[in-house]
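This briefing introduces the structure shown below. It begins with strand pairing and then turns to the nonpolar core.

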Amino acid sequence: MNALPRSVTVHSASRLLRIEWDDGSESALPHALLRARCRCAFCTKAARAGAAAPDCSGVVLTEAHAMADAGLNLVFSDGHRRGIYPWAYLRELDEGVS
Ligand SMILES: [Zn+2]
């Protein structure tokens, strides 16, 4: 399944990223989870080097930029803005939560 998003909304009060997919389903992803699961080169390298997972509980999402087919570029309140989350990965994360 390769669904694309119909709309992406950042909710600050509930700290959720909501994605409405073109197949009618909806995902709600906590900001802290997204930050913790960043797969950018920097975070992947830190994890491989055995760095402890950072405490992301207080981190919120400040911006989300859709990058067409590539996915979503997310900007977090801790200044991290490198992560690009492929659409399929975002769906996978949502299924992991529920
Ligand atoms: Zn990262």
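Which residue in β5 is the bridge partner of alanine 66? The partner is leucine 72. The model is predicted, so local features need pLDDT of at least 70 and side-chain atom pairs count only at pLDDT 80 or more, while totals for chains, interfaces and linings use all residues. Residues are numbered from 1 along each chain as its sequence is written, and side-chain values use heavy atoms, with hydrogens and water left out.

**Sheet**

- An open, antiparallel sheet is formed by 3 strands in the order β4-β5-β6; strands are DSSP runs of E with at least two residues, and helices are runs of H or I with at least four, numbered from the N terminus.
- Two strands pair if DSSP finds at least two bridges between them.
- β4 (61-66) and β6 (84-85) are the edge strands, each pairing on one side only.
- Between β4 and β5 there are 5 bridges, and 2 bridges join β5 (residues 72-76) to β6.
- Asparagine 73 has isoleucine 84 of β6 as its bridge partner.
- The hairpin of β4 and β5 has 5 residues between the strands, and alanine 68 there takes a positive phi near 50°.

**Nonpolar core**

- The largest nonpolar core (buried Ala, Val, Leu, Ile, Met, Phe, Trp, Tyr and Cys residues joined through side-chain atoms within 4.5 Å; buried means under 20% relative accessible area, with a 1.4 Å probe and protein chains only) has 21 residues.
- At least two residues of this core come from each of β2 (16-21), α1 (31-36), β5 and α3 (87-97), and α3 gives the most, with 4 residues.
- Leucine 34 is among the residues with the most contacts inside this core.
- Beyond its neighbours within four places in sequence, leucine 34 is in contact (heavy atoms within 4.5 Å) with residues including Leu17, Leu61, Phe76 and Leu93.

Terms used
Buried means under 20% relative accessible area, exposed over 50%, partly exposed in between (1.4 Å probe, protein chains only).
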